[in-house]
Amino acid sequence: MQHDISKLNNIASQVRRDIVRMVHACQSGHPGGSLGCTDFLVALYFDAMKRKEGFDMKAKGEDVFYLSNGHISPVFYSVLAHAGYFDKSELATFRNLNSRLQGHPTTHEHLPGVRIASGSLGQGLSVAIGHAIGKKLNKDENLVFTLHGDGELQEGQNWEAIMYASHNKVDNLIATVDFNGQQIDGPTSKVLSLGNLKTKFEAFDWKVLEVEKGNDMEEILNVLDEAKSLTGQGQPICILLKTGMGHGVDYMMGSHAWHGKAPNDEQLAKALAQLEETLGDY
């Protein structure tokens, strides 16, 4: 399949600018994981997913995405805005009082593109499985995609859902893990080691794909193509995407310190100098 990688990288650069500006403006938010997941979400929304115009919660006849690690809302909101779900100017209201763009996505704000409130970790996969089963019952052959943090997998509900999905052959589900090895308190290996995630998912009878260069657009597109080709074969699919926390901003890269910390004025200027303005700042 042909992909316009240059176009996608241009979108990703602008999204990264949005992220650091949004978090800086309100002096609150989660830039590290947002920057690390930018390439994946851009690839998903602007290439891999089949989307219809507009937004409805049922999403019949189109692919659907659930963000489980909701604290990376800056990247989610920016991607949704650039994908046309709402005007980009609304990004300037991030985390403001009465804004629809709260720190964690919520459904009562009725923001187009948001399907679940995902402030508490560990719940997104369960909801996504329900939607995937609903699609099967409705003879809808489209897919359900999810994104999870690796630290999020320390939550037990995930493993109940992982077991349930394979037992019920939910093979229209593609779950991606942002495998950056970092969480708010430090490296996942030190906080609560996840061990060999590939072996764990395979033990639960999932098909597992690994991406070593999780911030390389071509690698991401290739694995999404492969994952889609493996649907409908009786197994749910997991993508282990090895990303870099803070990717694109040198002083944030690989450091858990930027999990939930806003840059100051000087740090913002340094970040923006590293990120090309490709589509115009909001």
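Tutor: Let's start with the word cavity: on a 1 Å grid over the protein atoms alone, a cavity is a set of points where a 1.4 Å probe fits but cannot get out, and lining residues have an atom within 4 Å of a point. The model is predicted, so local features need pLDDT of at least 70, side-chain atom pairs count only at pLDDT 80 or more, and totals for chains, interfaces and linings use all residues. Residues are numbered from 1 along each chain as its sequence is written, and side-chain values use heavy atoms, with hydrogens and water left out.

Student: What makes Tyr 45 and Phe 55 lining residues of the largest cavity?

Tutor: Each has an atom within 4 Å of a cavity point, and that puts both on the list because the cut-off is just that distance. The rest of the lining is Met 49, Arg 51, Glu 62, Asp 63, Val 64, Phe 65, Tyr 85, Gly 113 and Arg 115. The volume is about 60 Å³, where volume means the space filled by probe spheres set on the grid points, joined across faces, edges and corners.

Student: How many cavities turn up in the whole structure?

Tutor: The search finds 3 of 30 Å³ or more. The second largest has a volume of about 50 Å³. Its lining includes Phe 65, Phe 76, Gly 113 and Arg 115. Strand 1 (residues 64–67) supplies the largest share of that lining, with 3 residues; strands (E, at least two residues) and helices (H or I, at least four) are DSSP runs numbered from the N terminus.

Student: What makes Gly 113 polar in the largest cavity's count?

Tutor: The classes are fixed: Ala, Val, Leu, Ile, Met, Phe, Trp, Tyr, Cys and Pro are nonpolar, Asp, Glu, Lys and Arg are charged, and the others, Gly among them, are polar, so Gly 113 lands in the polar group. The largest cavity's lining has 6 nonpolar, 1 polar and 4 charged residues. For the second largest, the split is 7 nonpolar, 2 polar and 1 charged.

Student: What makes a pocket a pocket?

Tutor: A pocket is an open set of points with protein on both sides within 12 Å along at least five of seven lines. The largest one here has a volume of about 260 Å³. Of its 18 lining residues, His 71, Leu 121, Glu 152, Gln 183 and His 259 are the closest to its centre. That lining divides into 4 nonpolar, 10 polar and 4 charged.

Student: Why is the pair of Phe 201 and Trp 206 called edge-to-face?

Tutor: Rings of Phe, Tyr and Trp (its six-membered ring) pair if their centres lie within 6.5 Å, with planes under 30 degrees apart stacked, over 60 edge-to-face and the rest tilted. Here the centres are 5.4 Å apart and the planes meet at 70°, so the pair is edge-to-face. The whole structure has 9 aromatic pairs. One aromatic cluster is formed by Tyr 45, Phe 55, Phe 65, Phe 76 and Tyr 85.

Student: How do you know whether Phe 201 is buried or exposed?

Tutor: Buried means under 20% relative accessible area, exposed over 50%, and partly exposed in between (1.4 Å probe, protein chains only). Phe 201 has 3%, so it counts as buried. Trp 206 is buried too, at 2%.

Student: And why is Gln 27 called partly exposed?

Tutor: Its 47% falls between the two limits, so partly exposed is the right label. Gln 27 sits in the loop between helix 1 (5–26) and helix 2 (31–48), and has a positive phi of about 55° although it is not a glycine. Asn 98 also has a positive phi, near 70°, but its relative accessible area is 72%, so Asn 98 is exposed.

Student: What makes Arg 21 a charge over a ring?

Tutor: NZ of Lys or CZ of Arg must be within 6 Å of the ring centre and within 35 degrees of the ring normal. The charged end of Arg 21 sits over the ring of Tyr 282, 4.2 Å from its centre, so the distance passes. Lys 261 lies over the face of Trp 258, at 4.6 Å from the ring centre.
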